[in-house]
Amino acid sequence: METNNHSDDIYGRARVHDTPELEKYYKELESLGAGALWTVANDIEPWEPRANSIPMLWKYDDLRELVLKSSELVTPEQAGRRVVYLVNDKLKHISAAVGLLYTGIQVTRPGEFTSAHRHRASALRFIMEGKKGYTVVDGNKIMLEVNDFVITPNSAWHEHGVEDDGETCIWQDGLDIPLVNMLEANDYAVYDGKQPLEKPINFSPITYGCAGLIPADTTAWDKPYSPLFKYSWSKVYPALLEAQKVNEVNPFDGIFMKYSNPLTGGHVMQTMSASMQLLPAGFKGKAHKHTGSLVYQCAKGKGNTKIKRKRFDWKERDIFCVPSWAWHEHHNSSETEDACLFNFNDLPVIEGLGLYQSREFEDNNGHQINF
Ligand SMILES: [Fe+2]
Ligand SMILES: [Fe+2]
């Protein structure tokens with residue numbers, strides 16, 4: 001039977017006491033590029049999952065002006081992508097916001113566009129403000145509106161812009177760059193010119209995002225990611241409200257729905273997943289923890305999330321992160337309005353590698369104390 005005693009001084013853990021003879025032995029091993037496992041075992045095999053990142057909140061009110069200022073300082077041609085990235089205090093060396101996930105805020109003014117490019121890292125975006133923004137993914141041009149969720153998967157050519165008669169667009173980017181770099185598998189390529197459009201505008205969301213219908217010709221799509229490149233808020237929010245009428249509220253996450261590949265029901269991409277949750281008015285979620293790193297953006301309303309006994313107050317457009325295995329609970333602070341949280345995460349990797357586990361907070365009626 002499993003012991004709950006997580007002391008490193010028990011049978012089964014490394015508990016060798018150094019002696020002059022052992023230290024001489026370690027030096028001999030080191031000179032040969034080797035080492036004694038028991039000197040590092042307790043550190044590299046923690047009792048429970050251990051996150052390198054800390055919980056953080058990035059307030060949009062604080063960042064917005066600086067994000068806009070970037071559009072006066074550099075052009076998209078100079079910057080490649082004009083982005084202010086959000087970095088975890090503990091992960092500056094890998095430019096990650098949490099775990100092995102990167103996130104940033106990108107601004108594009110009317111008439112501007114980025115170069116077409118692709119990378120092995122997968123990317124997604126969540127639209128924060130503006131009008132007539134667009135993305136072109138694999139020759140599919142898609143128009144973007146606030147709170148829309150868009151994917152640009154592993155190695156798909158993509159470029160973004162705002163029409164001449166649009167309004168400055170700001171969106172959140174999410175990528176698995178730190179993960180792919182950690183696996184030493186990233187690459188990057190620039191397209192010579194603009195992608196030719198292969199399909200009518202909005203082909204992807206119109207073909208794959210309507211009424212539960214998909215093309216009857218199942219050979220029409222053979223890629224390992226969702227053919228639905230954009231998930232429209234104009235459909236997602238009503239869907240959440242409808243779901244609320246017929247579903248029990250999840251005690252941790254409210255009405256909790258995952259963006260899915262309509263052909264498989266699985267995650268939208270191989271390495272990153274995303275979901276949207278509606279916290280009903282007055283919702284006080286219980287605490288749990290699980291493996292996987294998550295980056296949230298508040299899409300609607302206001303509330304707070306208590307992470308590792310610390311309270312983070314958020315409202316629309318604020319971004320925050322929950323590290324792997326950190327206790328967290330979401331509360332809607334309004335008694336009259338619902339709140340919606342978008343998140344993207346690394347759960348396809350965690351689940352695919354058999355690393356998912358979760359635990360519910362049992363004391364104090366499921367709520368963390370002392371924050
Ligand atoms: Fe990109
Ligand atoms: Fe959670």
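Colleague: A charge sits over a ring if NZ of Lys or CZ of Arg is within 6 Å of the ring centre and within 35 degrees of the ring normal; with that in mind, which ring does the charged end of Lys199 sit over?

Modeller: This is a predicted model, and in it the charged end of Lys199 sits over the ring of Phe203, at 4.6 Å from the ring centre.

Colleague: And where does the charged end of Lys194 sit?

Modeller: Over the ring of Phe113, where the charged end of Lys194 is 3.8 Å from the centre.

Colleague: Let's move to the metals. Which residues are the protein donors of the iron ion in ligand 1?

Modeller: Three histidines give NE2 atoms to the iron ion of ligand 1, namely His117, His119 and His158, at distances of 2.1 to 2.2 Å. Along the sequence these donor residues follow the spacing H-x1-H-x38-H.

Colleague: Are His117 and His119 buried or exposed?

Modeller: His117 counts as buried because its relative accessibility is 1%, and His119 counts as buried because its value is 4%. The cut-off behind both statements is a relative accessible area under 20%.

Colleague: What about the donors of the other iron ion, ligand 2?

Modeller: The protein donors of ligand 2 are the NE2 atoms of His288, His290 and His328, which lie 2.1 to 2.2 Å from the iron ion. The spacing of these donor residues in sequence is H-x1-H-x37-H, and both His288 and His290 are buried.

Colleague: Changing topic to the packing: which residues in the largest nonpolar core touch the most other members?

Modeller: That core has 53 residues, and the ones that touch the most other members are Phe149, Tyr259, Met276 and Phe342. Another core, of 13 residues, lies apart from it and has Leu279, Cys298, Phe312 and Phe320 among its members.

Colleague: What does Phe342 touch?

Modeller: Leaving out residues up to four places away in sequence, Phe342 touches Leu124, Phe126, Phe149, Tyr259, Ala274, Ser275, Met276, Val295, Tyr296 and Gln297. Phe342 is itself buried, with a relative accessible area of 1%.

Colleague: How many aromatic pairs does the structure hold?

Modeller: There are 18 aromatic pairs in the structure. One of them joins Phe149 and Tyr231 in a tilted arrangement, with 5.5 Å from centre to centre and 35° between the planes. Phe149 belongs to strand S7 (residues 149-152) and Tyr231 to strand S10 (residues 230-231), so this pair ties together parts that are 82 residues apart in sequence. Both Phe149 and Tyr231 are buried.

Colleague: Why is the pair of Phe149 and Phe342 called tilted?

Modeller: The planes of the Phe149 and Phe342 rings are at 45°, with the centres 5.5 Å apart, so the pair counts as tilted; the tilted class covers what is neither under 30 degrees nor over 60. Phe149 is in strand S7 and Phe342 in strand S19 (residues 339-345), so here the parts tied together are 193 residues apart in sequence.

Colleague: Which residues do the ring pairs link into a cluster?

Modeller: The cluster linked by ring pairs consists of Phe126, Phe149, Tyr231, Tyr259 and Phe342. Phe149, with a relative accessible area of 0%, is buried.

Colleague: Now the cysteines. How many disulfides does the structure hold?

Modeller: Zero disulfides.

Colleague: Why is Cys169 without a bond to Cys298?

Modeller: The cysteine sulfur closest to that of Cys169 belongs to Cys298, and because it is 19 Å away it is too far for a bond. Cys340 is in no disulfide either, and the nearest cysteine sulfur, again that of Cys298, is 7.9 Å away. For scale, the cut-off for a disulfide is a pair of cysteine sulfur atoms within 2.5 Å. Cys169 is buried at a relative accessible area of 2%, and Cys340 is buried at 0%.

Colleague: Last, a look at the loops. Where does Asn261 lie, and with what is it in contact?

Modeller: Asn261 is placed in the loop between strand S11 (255-258) and strand S12 (273-279). Its contacts, apart from neighbours within four places in sequence, are Tyr225, Ser226, Pro227, Tyr231, Gly266, His267 and Val268. With a relative accessibility of 5%, Asn261 counts as buried.

Colleague: And which loop holds Pro215?

Modeller: Pro215 is in the loop between helix H6 (203-208) and S10, where it is partly exposed, with a relative accessible area of 24%. Setting aside residues up to four places away in sequence, Pro215 touches Thr207 and Tyr208. Pro215 and Leu263 are 9.4 Å apart in space, C-alpha to C-alpha, and 48 residues apart in sequence.

Terms used. Residues are numbered from 1 along each chain as its sequence is written. Chains are lettered from A and ligands numbered from 1 in the order in which they are written. This is a predicted model: local features need pLDDT of at least 70, side-chain atom pairs count only at pLDDT 80 or more; totals for chains, interfaces and linings use all residues. Side-chain values use heavy atoms; hydrogens and water are left out. Donors are N, O and S atoms within 2.8 Å of the metal (3.2 Å for Na, K and Ca); water is not among the atoms, so sites may look incomplete. Buried means under 20% relative accessible area, exposed over 50%, partly exposed in between (1.4 Å probe, protein chains only). A nonpolar core is a set of buried Ala, Val, Leu, Ile, Met, Phe, Trp, Tyr and Cys residues joined through side-chain atoms within 4.5 Å. Contact means heavy atoms within 4.5 Å. Rings of Phe, Tyr and Trp (its six-membered ring) pair if their centres lie within 6.5 Å; planes under 30 degrees apart count as stacked, over 60 as edge-to-face and the rest as tilted. Helices (H or I, at least four residues) and strands (E, at least two) are DSSP runs, numbered from the N terminus.
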